[in-house]
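Me: I should like to learn how to read the features of a protein model, one after another. Could we proceed from strand pairing to helix faces?

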Amino acid sequence: MKNSKVIAKAKKLGLTVETGHNGKYYIVHNGKVASWYGNQNGEGDAHLFHIKSEGQESDPYTDYYPGYFVDNPTQLFETLVPPGSKFKPGTLIRGKATKRSQRYGYVARLGLVVEEGAKQAKVQWVTPTASELRLQQQYPNSYNGTTWVSDRDLVVAA
């Protein structure tokens, strides 16, 4: 991806891009520092996308280099600004018939979205199963009958 497009995508997400030396660009957001290399005029490709926590510094004497590299700008921006769920809190949903849904037993179950996460939703099922009722009896203060479910395994109940 061109460097100018990476900068435009960052600005579209409301992130401020700072320019470093030797064609290095930085974004500091929510305690994380994202960086990549690109040329100054924006015509070349952006590459070497790196993420680390704020305040972490490299130590070449002990071979310590904090953070990790990601493959593309989409992964970089999803780390800084996680995408929300397709289902907003209060939405009535139904479990879709997928292999994972069958394994966990929520195919065609109705539920209400309580909270949204990064491409997932916390669901309060309408009718709890026998195992969920048993968990509520064993752990009354910690288990509240909700489960995190991936967006791919849910559909809006019409």
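Reply: Let us begin with strand pairing. Strands of a sheet pair through backbone hydrogen bonds, either parallel or antiparallel. In this predicted model, strand β8 (residues 120-125) runs antiparallel to β9, and five bridges join the two. Within this pairing, Lys 122 stands opposite Trp 148 of β9.

Me: In what order do the strands of the sheet that holds β8 and β9 lie?

Reply: The order is β9-β8-β7-β6-β10, an open sheet of five strands with antiparallel pairing. At its edges stand β9 (146-150) and β10 (154-156); each has a single partner strand, so one side of each lacks a neighbour in the sheet. On average, and with direction ignored, neighbouring strands here are turned by 50° against each other.

Me: Which strands stand at the edges of the sheet ordered β1-β2-β3-β4-β5?

Reply: That sheet is likewise described as open, with five strands and antiparallel pairing. Its edges are β1 (18-19) and β5 (68-70), and because each has a single partner strand, one side of each is left without a neighbour in the sheet. The pairing of β1 with strand β2 (residues 24-29) is antiparallel and extends over two bridges. Glu 18 has Tyr 26 of β2 as its bridge partner.

Me: Turning to backbone angles, which residue of strand β4 has a positive phi although it is not a glycine?

Reply: The general idea is that most residues other than glycine have a negative phi, and most peptide bonds are trans. Leu 48 has a positive phi of about 55° and is found in strand β4 (residues 47-53). Leu 48 is partly exposed, its relative accessible area being 47%. Another such residue is Ala 108, with a positive phi near 65°, in the loop between α3 (99-104) and β7 (110-116).

Me: Is Ser 35 buried or exposed, and which residues does it touch?

Reply: Burial is judged by relative accessible area, with a cut-off of under 20%. Ser 35, in strand β3 (residues 32-37), counts as buried because its relative accessibility is 7%. Leaving aside residues up to four places away in sequence, Ser 35 touches Lys 24, Tyr 25, Tyr 26, Leu 48, Phe 49 and His 50. Leu 48, with its positive phi, is thus one of the contacts of Ser 35.

Me: Which residues touch the most other members of the largest nonpolar core?

Reply: In soluble globular proteins, nonpolar side chains tend to be buried together. The largest nonpolar core has 15 residues, of which Ile 27, Trp 36, Phe 49, Leu 76 and Phe 77 touch the most other members. Two or more residues are given to this core by each of α1 (3-12), β2, β3, β4 and α2 (73-80). Another core lies apart from it and has nine residues, including Phe 87, Val 113, Val 123 and Val 149.

Me: How should one read a helix such as α1, and which of its residues are buried?

Reply: One looks down the helix axis and asks where the buried residues fall. In α1 the buried residues are Asn 3, Val 6, Ile 7 and Ala 10. They fall within an arc of 95° when seen down the axis of α1, so they line one face of the helix. These buried residues pack against β2, β3, β4 and α2. Lys 5 and Lys 12 are exposed on the other side of α1. Just after α1, Gly 14 adopts a positive phi of about 85°.

Terms used:
Residues are numbered from 1 along each chain as its sequence is written. This is a predicted model: local features need pLDDT of at least 70, side-chain atom pairs count only at pLDDT 80 or more; totals for chains, interfaces and linings use all residues. Side-chain values use heavy atoms; hydrogens and water are left out. Two strands pair if DSSP finds at least two bridges between them. Helices (H or I, at least four residues) and strands (E, at least two) are DSSP runs, numbered from the N terminus. Axes are lines fitted to C-alpha atoms, for helices over the stretch in contact, and angles run from 0 to 180 degrees between N-to-C directions. Buried means under 20% relative accessible area, exposed over 50%, partly exposed in between (1.4 Å probe, protein chains only). Contact means heavy atoms within 4.5 Å. A nonpolar core is a set of buried Ala, Val, Leu, Ile, Met, Phe, Trp, Tyr and Cys residues joined through side-chain atoms within 4.5 Å. The arc is that of the directions from the helix axis to the C-beta atoms.
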